[in-house]
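Open the model in your viewer and keep the sequence panel beside it. This tour goes from the whole chain to single side chains and then out to the surface.

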Amino acid sequence: MQLLPKEIRRKLPPLGSQDSLGGKAVAHVKFFTPDSSWTFWATEGQQDGDDFLFFGLVEGHERELGYFCLSELESVRGPLGLPIERDLYWRPKTLEEIAPEMFAPQQRPDKA
């Protein structure tokens, strides 16, 4: 399976273009390990030398925003030896739709 076909590569906003959007940033592509719990949602991406660099939400041991690259996705194998796949049925969603707990307004304790 081709993880990053040309049509998706063209649709991804460049790195940094959704910085100010927070939870409203849109994840355009989803990658996952079919034999473990790791999932990667890319909100942005661009060519970086010989590699392609993404920014987005990564869920593994915990959920966090960060960078990951295409060469990493292509080289990783899950516990059963299966490669990472692209979700062929994925439709773009905002980060707050994917991980609402990360983007909920912070509750401030009342001052006494």
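Begin with the whole chain shown as a surface. Its accessible surface comes to about 7300 Å², and 51% of that belongs to carbon and sulfur atoms. Keep in mind that this is a predicted model. Of the 112 residues in the chain, 39% count as buried. Now change to a C-alpha trace: along its principal axes it spans about 55 × 30 × 25 Å.

Next, switch to a cartoon. The chain has four helices and seven strands. Followed from the N terminus on, the elements run α-β-β-β-β-β-α-β-β-α-α. Among contacts in the chain with a separation of 6 or more, 53% are between residues 24 or more positions apart.

**The sheet**

Select the strands S5, S4, S3, S2 and S6. They form an open sheet of five strands, in the order S5-S4-S3-S2-S6, with antiparallel pairing. Which strands stand at the edges? S5 and S6 do, and each has a single partner strand, so one side of each is left without a neighbour in the sheet. As a general point, the strands of a sheet pair through backbone hydrogen bonds, either parallel or antiparallel.

Now reduce the selection to S3, residues 39-48, and S4. These two strands run antiparallel and are joined by nine bridges. To find one position along this pairing, select Phe40, which stands opposite Val58 in S4.

Move on to S4, residues 51-59, and S5, residues 63-69. How many bridges join S4 to S5? There are seven, and the two strands run antiparallel. The hairpin that joins S4 to S5 passes through three residues. Select Glu59 as well, and look across to Arg63 in S5, which stands opposite.

**The aromatic side chains**

Show side chains for Phe31, Trp38, Phe40, Phe52, Phe54 and Phe68. Together these residues form one aromatic cluster. The structure holds six aromatic pairs. Trp38 and Phe40 make a stacked pair, with 6.2 Å centre to centre and 25 degrees between the planes.

Are Trp38 and Phe40 buried or exposed? Trp38 has 30% relative accessibility, so Trp38 counts as partly exposed. Phe40 has 10%, and therefore counts as buried, the cut-off being under 20%.

Now select Phe54 and Phe68. Their ring centres are 5.2 Å apart and their planes are at 20 degrees, so this pair is stacked. Phe54 lies in S4 and Phe68 in S5, 14 residues apart, and the pair links distant parts of the chain. Both Phe54 and Phe68 are buried.

While the strands and side chains are both on screen, one general point is useful. In a regular strand, side chains alternate between the two faces of the sheet.

**A patch on the surface**

Finally, return to the surface view and select Met1, Leu88 and Tyr89. These three residues make a nonpolar surface patch of about 420 Å². Where is Tyr89 found? Tyr89 is in the loop between strand S6 (85-86) and strand S7 (93-94). The relative accessible area of Tyr89 is 71%, so Tyr89 counts as exposed, for which the cut-off is over 50%.

To finish, show Tyr89 and Phe40 together. Tyr89 is exposed, whereas Phe40 is buried.

How values were computed
Residues are numbered from 1 along each chain as its sequence is written. This is a predicted model: local features need pLDDT of at least 70, side-chain atom pairs count only at pLDDT 80 or more; totals for chains, interfaces and linings use all residues. Side-chain values use heavy atoms; hydrogens and water are left out. Rings of Phe, Tyr and Trp (its six-membered ring) pair if their centres lie within 6.5 Å; planes under 30 degrees apart count as stacked, over 60 as edge-to-face and the rest as tilted. Buried means under 20% relative accessible area, exposed over 50%, partly exposed in between (1.4 Å probe, protein chains only). Two strands pair if DSSP finds at least two bridges between them. Patches are made of residues with over 30% relative accessible area and no salt bridge: like charges are joined within 9 Å, nonpolar side chains (Val, Leu, Ile, Met, Phe, Trp, Tyr) within 5 Å. Accessible areas come from the Shrake-Rupley method with a 1.4 Å probe; for residues, only the protein chains shown count as cover. A salt bridge is a side-chain nitrogen of Lys or Arg within 4 Å of a carboxyl oxygen of Asp or Glu. Contact means heavy atoms within 4.5 Å.
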